[in-house]
Amino acid sequence: MALEFRAPDWNTYHMDYGKPHRQLEPPEKEIAVVDAALNALREAGALPQTSYDHAKLLAMRAAVQEHFEIPWTAITPRMQRFLYAVNAIKQPAVMVAAGCFCGNTFISNAGAGVGPGACYTARQLVGVEIKPEEAARAERNVRRIDPTGVARVVADDAVHFVAELREPIGILYLDADGTGKRGKGVYLDILQAGYKRMPKGSLVLAHNSVNSAAQLKEYLSFVRDPVQFHASINVIMDGEGLEVSVR
Ligand SMILES: C[S@@+](CC[C@H](N)C(=O)[O-])C[C@H]1O[C@@H](n2cnc3c(N)ncnc32)[C@H](O)[C@@H]1O
């Protein structure tokens with residue numbers, strides 16, 4: 001079942017990639033858009049309910065602003081809130097984020113399980129980044145807000161890491177941009193490496209469903225095929241987009 005949630009102003013809601021912490025709209029508006037998107041996920045059977053702790057999201061946001069080195073990011077405040085909320089609601093014991101660059105995408109997901117925004121106890125939350133120097137920076141960033149090590153960043157090819165992981169994956173977040181023409185097409189390779197270990201009800205979140213839709217054609221056909229996924233919702237709150245697929 002292929003579905004879509006589209007915020008009316010998605011095309012005029014823009015961030016400056018070099019200013020990750022800038023507020024783009026009044027908080028009530030950000031909350032309302034994210035609530036509407038969460039509701040679309042609930043109606044599609046991807047989430048059991050839509051409530052999450054707003055104060056904890058803000059605590060996570062403040063800690064990232066204070067402690068993370070972020071050269072640039074395409075994660076808008078709406079997307080950060082949405083990723084946090086989805087993780088806070090689903091509470092995955094194991095979450096893997098593939099292609100995490102400096103760690104901002106990773107902590108938007110993992111921040112529901114560790115640090116000042118934590119609202120549940122996770123088993124392992126892993127960010128995978130193929131460039132060793134970026135993985136090292138992301139790991140430094142994460143360590144500043146999570147002393148426990150439950151959240152960590154490893155330097156590896158996400159296809160290899162996911163294939164080797166022996167645990168069921170509750171949430172798989174995809175943001176890797178492979179080399180050459182394949183680019184974001186690598187999402188399908190990563191998903192196929194872990195697909196068999198994704199139980200019923202688990203989620204795959206794929207960033208750039210809008211601005212990389214051409215490169216993601218094969219990936220989107222796979223997750224929108226009801227043989228593979230119960231439902232897949234293209235969440236369009238900003239110019240990047242996020243495809244949310246439920247097993
Ligand atoms: C464009 S960045 C993601 C940034 C993120 N959207 C943000 O706004 O912060 C994609 C990252 O994926 C990494 N990458 C590419 N192929 C990968 C792979 N096979 N496994 C893990 N990481 C990979 C790249 O090195 C890069 O840091």
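This briefing describes a sheet, a helix that lies across part of it, and one residue in a loop. The structure is a predicted model, and in it eight strands form an open sheet with mixed pairing. Strands of a sheet in general pair through backbone hydrogen bonds, and they do so either parallel or antiparallel.

**The sheet**
- Read across the sheet, the strands follow the order β1-β7-β8-β6-β5-β2-β3-β4, and the sheet they form is open.
- Strands β1 (residues 2-6) and β4 (residues 151-155) stand at the edges, where each has a single partner strand, so one side of each is left without a neighbour in the sheet.
- From one strand to the next, the twist averages 15°.
- Strand β2 (residues 94-98) and strand β3 (residues 124-129) run parallel and are joined by five bridges, and within this pair Val94 stands opposite Gln124 in β3.

**The helix across the sheet**
- Helix α3, which spans residues 77-90, lies across β2, β5 (171-174), β6 (203-207) and β8 (242-246), and its direction is at about 170° to that of β6.

**Leu216 and its surroundings**
- Leu216 lies in the loop between β6 and α8, the latter covering residues 217-223.
- Because 25 other C-beta atoms lie within 10 Å, where 20 or more are required, Leu216 counts as buried.
- Leaving aside residues up to four places away in sequence, Leu216 touches Lys184, Gly185, Tyr187, Ala206, Asn208 and Ser209.
- One of these contacts, Ala206, is 10 residues from Leu216 in sequence, and the two are 9.5 Å apart in space, C-alpha to C-alpha.

Notes: Residues numbered from 1 in each chain as written. Predicted model: local features only at pLDDT ≥ 70, side-chain atom pairs only at ≥ 80, totals over all residues. Pairing = 2+ DSSP bridges. Helix = DSSP H or I, 4+ residues; strand = E, 2+ residues; numbered from the N terminus. Axes fitted to C-alpha atoms, helices over the stretch in contact; angles between N-to-C directions. Contact = placed C-beta atoms within 7 Å. Buried ≥ 20, exposed ≤ 12 C-beta atoms within 10 Å, placed from the backbone.
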